[in-house]
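Visitor: Could you take me through one part of this model in detail? I would like to look closely at a single sheet and what lies around it.

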Amino acid sequence: MKKIGYLGPRGTFTEIAAKQAFPEDELIPIRSIPKVIDHAFSKTIDYAVVPIENAIEGTVNVTLDYLIHQKPMPIVASLSIGINQHLLMSPSKNVETYIPRKILSHPQAIAQCHRYLQMHYPEVEIEYADSTGQAAAWLAQHSNEDVCVIANEQAAKTYGLRIAARDIQDYDHNQTRFVVLSAKTQQPITIKNARHLGDKTSLMITLPSDFTGALHQVLSAFAWRKLNLSKIESRPTKTGLGNYFFIIEVDQLMDDVLLPGAIAELTALGCHVEVLGSYPSYSDQSVSAAIKQ
Ligand SMILES: O=C(O)C(=O)C[C@]1(C(=O)O)C=C[C@@H](O)C=C1
């Protein structure tokens, strides 16, 4: 049985993703994203599961930055799951009349429900927690406090909280993509019971200096080889204002010819290229649901 670290405590969205990816292994909740990554890096766990990107809010910067700048490790799979946020309250409060003094949740969850909160609770104080599960666990232990939390249905069940309002995220098709990381193996993992969307190779590319047409040249190394890109994003190098590198996702696994050729061409241009992982990409959506679309 493998040891799987995930952003805990029980009842987080990351737990749902970790359970789907590793239904038969030992799941270990860890309090923060950097700590999950630290455990994988020091090999006290076999795999880490952490969120990397949300359909409404974009990149989970803490994951990407910590992975790149502090503890580099290969991505061995990615899994997207549907995200439904609910407003949870203590069962002792009256759903019809209760107005909390404060709403507590993870910053991504708060941001995903921004419009709802503005419309229904414009005056209520917002406070951030390390995860939606942690917010729910706190409320369960402080049921007399005048607080509601935003979390998922599993958290409501785990911590005995009442769902005051369902599906309060601002957009229906809310999804978060999680990555599976390992310092022990680069071998991609297969996730059964999930839909295989395709394969990806993620690259981190630092340009030599700010010269005219640099990004164009980088992109053309992929374009003329007909390597399809599904994402390009710039992130600060943290070495000074205006210094950026690019994260590029190519829609295929590392091969023997095309991707090594593109990387060699970029290196010859003076770029620094690192492979962040070459891995299968999955979605929790069932195959039959996908066919119906
Ligand atoms: O707080 C949780 O439940 C998490 O698993 C973290 C997280 C995130 O960081 O994006 C995961 C999915 C949702 O987008 C909201 C929060």
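Guide: Strand 6 (residues 86-89) and strand 9 (residues 147-151) run antiparallel and are joined by 3 bridges. This is a predicted model, so please read everything here in that light. Within the pair, His86 of the one strand stands opposite Ala151 in strand 9.

Step back from the pair and you find an open sheet of 5 strands, in the order 8-7-9-6-10 and with mixed pairing. At its edges are strand 8 (125-128) and strand 10 (162-165), each of which pairs on one side only. On average, neighbouring strands of this sheet are turned by 35° against each other, with direction ignored.

Now look at what rests on the sheet. Helix 6 packs on it, touching strand 6, strand 7 (102-105) and strand 9. The direction of helix 6 makes about 150° with that of strand 9.

Helix 6 also leads us on to the ligand. Of the 15 residues around the ligand, those that come nearest are Thr12, Thr14, Gln108, Ser131 and Thr132. Helix 6 (132-141) is one of the elements that give two or more residues to this shell, along with helix 1 (13-21), strand 3 (47-54) and helix 4 (107-112). By character, the shell divides into 9 polar and 6 nonpolar residues, with no charged ones.

Finally, where does the ligand lie with respect to the domains? Domain 1 (3-82 + 175-283) and domain 2 (86-165) both give residues to the shell, so the ligand lies between them.

Conventions: Residues numbered from 1 in each chain as written. Predicted model: local features only at pLDDT ≥ 70, side-chain atom pairs only at ≥ 80, totals over all residues. Near = placed C-beta within 6 Å. Helix = DSSP H or I, 4+ residues; strand = E, 2+ residues; numbered from the N terminus. Nonpolar A, V, L, I, M, F, W, Y, C, P; charged D, E, K, R; others polar. Domains from an automatic or database assignment. Pairing = 2+ DSSP bridges. Axes fitted to C-alpha atoms, helices over the stretch in contact; angles between N-to-C directions. Contact = placed C-beta atoms within 7 Å.
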